[in-house]
Amino acid sequence: MEMMLVKKDILSFYDSVKELSIRSLKKERYEDAVSYTNIAAEIAYRFNWIYRDDELEDILVKVSNQLICRDDSYVAVGGRCVMYAAALLDNRGIIQQYLRALMTYADKLLVIVEQSYGEEARDTVCELTACAKVELYILPDKLPLKARAQLLYDKIVSFQPERLFMHLWPWSGFAVSVFNVLPPGIVRYQINLTDHAFWLGCSCLDYVLEFRPYGCMVSEERRGIAKDKLLLHPYYPIRECRPFAGFPEDSVGKTILFSGGGLYKIYGAGEYFEIVKDILDSYPDVILLYAGTGDVAPFEKFIEENNFRDRIFLLGFRKDIMAIFEHCDIYLNTYPVSGGLMCQYAAMAAKPILAYNREEDRARFIEKGICVNRLYKITYTDVDSLVEEAGRLIEDVSYRKRRGKELRDAVVTPEQFETELKMILTCNTSLRDYEKIDIDYDAFCERYIDRENHYTDTFKRFVIKKFKFRTAWLFPKVFLWFVGYVFSGSLLLYLVRRKKE
């Protein structure tokens, strides 16, 4: 059943969820209050019409005031640091970069992980356990909220750190509630992982470590964080050593155009597919490989409609991402959502990057996240010009290699990252400035709504998953969509998709 969401629908539902959190707080149902706050935060994160909500922050402050017994005699020990990680992940989320730097910087480092980790954190865990100055602690998850919050508070305070680094999900309400009431002797740094989006935690930070000027602008303009609290610190990509898992047989002897990231990044605007079609139509010896997860249906439809079954290959999630870059020829950036880390991988592997964005979205150009040591033009604002540049890269191998080497030399190095972080922490002052650029926040929000309406139904499925039959009165429009699914014979498809989530 086709159903179109408008911004008014989303705001109304968001307010309903927030009201559930407020009611739970009044009734002293603190677990529910935090849970509803997290859901509201995830709704805001999915559409980004706001970047800070002081009502949600206030709920978490009130929860922490009710749950946690504080230590008023706190004394920090110099050189001790805590890293709190909502999750440990290899090669993602800037976690390894900061952990490696802190293992050198700190005299003692306590790493607290909110949830158990598996193979996806193998390399990170090996590095941590091999370092004598590191204590790795997994927070128990089978505890009531009050006991778990007090346990986290006590664990941090007993370690006596002078600095806390927060590596959070946008909806990490539990952690934020604890960090709200930590002793003032602990300086709190938010590592801004999702600088383009809403997140909880504005109430519990002293400084924000930003990785690009765009995040600085959003934090200053929309999160209300003072400029002198924003520490701009570009990061480097982690070079992992997974063995190469290979490419499809049809790639032999072809020029390989590679692209990757969550599939949501290429839905919501037609330019990405227009670029792909123009390049493949113009150059028969080029194939596109795409590595990433998400709803593949729109991409597969594009492949079928254009008879690209032997020209485009969806690789899914690949652990050997660095090896893929080493074996491809050119990287095509995602659009309308740009891929910062993937572009950094491409630059580190000395591969040229093709990137498109609108002129009015200059704040989202990838140059400032890649070309830290020297500025080079990467982003094109005209599809025809980008396809022309693609042709030059495809046909002129020497030009292709030169462009790749230029980008490799422009990326931050691990040594540079570590040295600059030490300097930043010494004075809590940014070493870099950023220029103000206009950001079209309304267009960004509308793009997310358009993507949900025309390319995917992940938000609707998120609502059903969280509220089940309560969706009928909380968000009738989504419930009617679900009923339409059931009666159209698509229930099996829905259950399969939900299982994949």
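## A pair at the sheet's edge

Let's start with one pairing: V208 has L230 as its bridge partner in β7. Strand β6, residues 207-210, runs parallel to β7, and three bridges join the two. Please keep in mind while you look around that this is a predicted model.

## The sheet as a whole

Now step back to the sheet. Seven strands make up an open sheet, paired in parallel and arranged in the order β3-β2-β1-β4-β5-β6-β7. The edges belong to β3 (134-138) and β7 (230-232); each has a single partner strand, so one side of each is left without a neighbour in the sheet. From one strand to the next, the twist averages 20°.

As background, the strands of a sheet pair through backbone hydrogen bonds, in either a parallel or an antiparallel way.

## Strand β1 and its neighbours

Is β1 mostly covered or mostly open? The strand is mostly covered, with six of its six residues buried. Both of its faces are covered: on one side R80, V82 and Y84 are buried, and on the other C81, M83 and A85 are buried.

On to its partners. Six bridges pair β1 with β2 in the parallel sense, and R80 has K108 as its bridge partner in β2. Between these strands the chain travels from β1 through α4 to β2, a β-α-β crossover that is right-handed. Strand β1 also runs parallel to β4, joined by five bridges; here the bridge partner of C81 is R163 in β4.

## Helix α4 across the strands

Helix α4, made of residues 95-105, lies across β1 (80-85), β2 (108-113), β3, β4 (163-167), β5 (187-191) and β6. Its direction is at about 165° to β1.

This helix also takes part in a salt bridge: the side chains of R100 and E127 meet with N and O 2.6 Å apart. R100 lies in α4 and E127 in helix α5 (residues 122-129), so the pair ties together parts that are 27 residues apart in sequence. How accessible are the two ends? E127 is partly exposed at 25% relative accessibility, and R100 is partly exposed with a relative accessible area of 28%. Another group of charged residues is worth a look: D90, E119, R122, D123 and R242 are joined into one network by salt bridges that share partners.

## Other salt bridges

How many salt bridges are counted? The count comes to 38. One of them is between K18 and D53, whose closest N and O atoms are 2.8 Å apart. This pair links distant parts of the chain, 35 residues apart: K18 is in helix α1 (residues 7-26), while D53 is in the loop between α2 (30-47) and α3 (54-67). Both K18 and D53 are buried.

Further along the chain, the side chains of E452 and K460 meet in a salt bridge, with N and O 3.0 Å apart. Here too, E452 and K460 are both buried.

## A buried arginine

Our last stop is R447, which lies in helix α17 (residues 441-454). Why is R447 classed as buried? Its relative accessible area is 13%, and a residue counts as buried because its value is under 20%. Leaving out residues up to four places away in sequence, R447 touches G268, Y335, P336, R358 and D361.

Terms used: Residues are numbered from 1 along each chain as its sequence is written. This is a predicted model: local features need pLDDT of at least 70, side-chain atom pairs count only at pLDDT 80 or more; totals for chains, interfaces and linings use all residues. Side-chain values use heavy atoms; hydrogens and water are left out. Two strands pair if DSSP finds at least two bridges between them. Helices (H or I, at least four residues) and strands (E, at least two) are DSSP runs, numbered from the N terminus. Axes are lines fitted to C-alpha atoms, for helices over the stretch in contact, and angles run from 0 to 180 degrees between N-to-C directions. Contact means heavy atoms within 4.5 Å. Buried means under 20% relative accessible area, exposed over 50%, partly exposed in between (1.4 Å probe, protein chains only). A crossover is right-handed if, with the strands pointing away from the viewer, the path from the first strand over the helix to the second runs clockwise. A salt bridge is a side-chain nitrogen of Lys or Arg within 4 Å of a carboxyl oxygen of Asp or Glu.
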